[in-house]
Amino acid sequence: MTTAAGVDQTVMTGVWQDVVGQHRAAEVLQRAAIAGADRDRHAMSHAWLFTGPPGSGRSNAALAFAAALQCERRTGCGDCRACRSVMSGNHPDVTSVRTEKLSIGVDEVRELVRSAALAPATGRHQVMVVEDADRVTERGADALLKSIEEPAPRTVWILCAPTPEDLIVTIRSRCRQLRLVTPSVDAIADLLVRRDGCDAETARLAARASQGHIGRARALARHPEVRERRREVLLLPTRLTSLAACLTAAQKLVDSTAAEASRRTGELDKTEAAELAEQLGEGGGKGRRQRHVAAAFRDLEEQQKLRSKRLQRDGLASAISELTAFYRDVMARQLGAAAEPVNPDLVAEVAQVADASTPEVTVRRLDALEACMVALEGNVAPLLAVEALMVKLGLPA
């Protein structure tokens with residue numbers, strides 16, 4: 001079956017309907033789920049590694065596969081009790097782990113390994129989904145490797161990461177690898193219309209602006225404030241008219257991403273602190289117990305700072321991705337390419353920057369954006385990295 005947008009929906013039913021633009025992968029996983037129900041270990045692996053670019057839907061595919069493995073009809077029908085409980089996050093034999101911290105430590109992995117060794121309570125399998133497997137620490141990877149090398153008979157591991165190289169070779173060599181692709185604009189737009197009730201024009205603009213990132217497209221389509229923040233970022237190239245303007249733009253971008261990270265974590269931080277206080281008791285006692293309570297709160301505060309740091313870094317990475325797409329449009333105009341623009345709502349701004357420079361300058365600016373991303377990943381102070389970027393973007397043509 002094909003939709004009006006031209007999106008093939010042949011296998012996009014049941015739990016697979018939100019696995020956007022991954023028809024081949026969905027077919028592979030459906031066959032594996034049936035094989036798993038038949039205990040055919042030649043067709044079904046005990047460990048999987050889902051890779052693909054950010055926003056390609058790795059987590060959605062992993063959850064759909066987990067549901068199919070438990071499905072009473074063996075296909076991921078989406079209607080049976082097992083499918084519904086997995087998709088709602090309530091199935092006792094499906095554990096899904098993601099982190100908002102910078103890493104997943106060895107203690108957390110060991111807890112997963114202990115759970116993985118248990119027999120399923122109600123389902124066919126004990127399914128362990130690690131959404132951020134690339135964030136597992138070295139010691140955590142060693143603990144995970146042993147469980148994957150010597151799996152319990154009915155345990156299935158599903159690891160998700162951007163690329164196979166993000167995991168140590170000994171783990172990825174023991175996993176069946178499934179590569180997801182970047183979903184098409186049509187596939188994402190169709191999802192936004194069908195699932196989120198967006199109008200077709202908004203859905204298509206969001207899908208194109210997201211550059212294949214499903215979560216980003218949904219946020220752009222549903223939230224006007226997200227669209228406004230994106231527009232502010234994309235207007236920066238037209239405002240870098242002096243050194244002072246470059247430094248001011250850098251400060252504003254860093255401050256805004258920090259503020260957004262704090263906004264997103266504020267309520268969660270308070271809730272976690274209240275829960276910890278309840279667990280430890282209000283007074284905290286004296287002497288050794290008091291020191292223990294203080295240490296627990298220090299650990300919590302440190303983890304919360306790391307989470308906020310990660311969210312700010314993710315926000316800056318998103319801004320850099322938006323600017324990269326902007327300069328891609330600039331380059332297309334300079335070279336007279338017929339490619340459809342990523343930012344059709346900013347044609348005048350793209351023309352302004354393109355006509356004031358050359359393709360050689362645009363290449364240098366794209367290189368600067370990539371260098372900034374590398375610097376942020378290397379834990380360079382955000383303000384220093386972004387100031388250097390803005391100065392390079394604002395250099396005279």
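Helix α11 passes helix α15 in a right-handed crossing, and that is a friendly place to start a tour of this predicted model. From there we visit a buried strand residue, Thr51, then the cysteines, and finally two residues with positive phi, Arg74 and Gln211.

**The α11/α15 pair**

- Helix α11 covers residues 243-280 and helix α15 covers residues 382-394.
- Their axes come within 8 Å and cross at roughly 140 degrees, which makes α11 oblique to α15.
- On the α11 side, the contact is made by Leu243, Cys246, Leu247, Ala249, Ala250, Gln251, Leu253 and Val254.
- On the α15 side, Pro382, Leu383, Val386, Glu387, Met390, Val391 and Gly394 take part.
- Sorted by residue class, this contact holds 12 nonpolar residues, two polar ones and one charged one.

**Thr51 in strand β1**

- Thr51 belongs to strand β1, which spans residues 47-51.
- Is Thr51 buried or exposed? Its relative accessibility is 2%, so Thr51 counts as buried.
- Leaving aside residues up to four places away in sequence, Thr51 touches Arg58, Ala161, Pro162, Thr163, Pro164, Leu178, Arg179 and Leu180.

**Cysteines**

- How many disulfides does a search of the whole structure find? The search returns zero.
- Cys80 is accordingly in no disulfide, and the nearest cysteine sulfur, that of Cys83, is 3.6 Å away. The cut-off for a disulfide is a pair of cysteine sulfur atoms within 2.5 Å.
- As for solvent access, Cys80 has a relative accessible area of 6% and is therefore buried.
- Cys198 also falls in the buried class, because its relative accessibility is 12%.

**Positive phi outside glycine**

- Arg74 has a phi near 75 degrees, a positive value in a residue other than glycine.
- Where does Arg74 lie? You will find Arg74 in the loop between α2 (58-70) and α3 (81-87).
- With a relative accessible area of 30%, Arg74 is partly exposed.
- Gln211 is a residue other than glycine with a positive phi too, near 55 degrees.
- The loop that holds Gln211 runs between α8 (200-209) and α9 (214-222).
- Gln211 counts as partly exposed, because its relative accessibility is 36%.

Conventions:
Residues are numbered from 1 along each chain as its sequence is written. This is a predicted model: local features need pLDDT of at least 70, side-chain atom pairs count only at pLDDT 80 or more; totals for chains, interfaces and linings use all residues. Side-chain values use heavy atoms; hydrogens and water are left out. Helices (H or I, at least four residues) and strands (E, at least two) are DSSP runs, numbered from the N terminus. Buried means under 20% relative accessible area, exposed over 50%, partly exposed in between (1.4 Å probe, protein chains only). Contact means heavy atoms within 4.5 Å. Axes are lines fitted to C-alpha atoms, for helices over the stretch in contact, and angles run from 0 to 180 degrees between N-to-C directions. Angles under 35 degrees count as roughly parallel, over 145 as roughly antiparallel, 65 to 115 as roughly perpendicular and the rest as oblique. A crossing is left-handed if the near helix is turned anticlockwise from the far one by less than a right angle, and right-handed if clockwise. Ala, Val, Leu, Ile, Met, Phe, Trp, Tyr, Cys and Pro count as nonpolar, Asp, Glu, Lys and Arg as charged, and the others, Gly among them, as polar.
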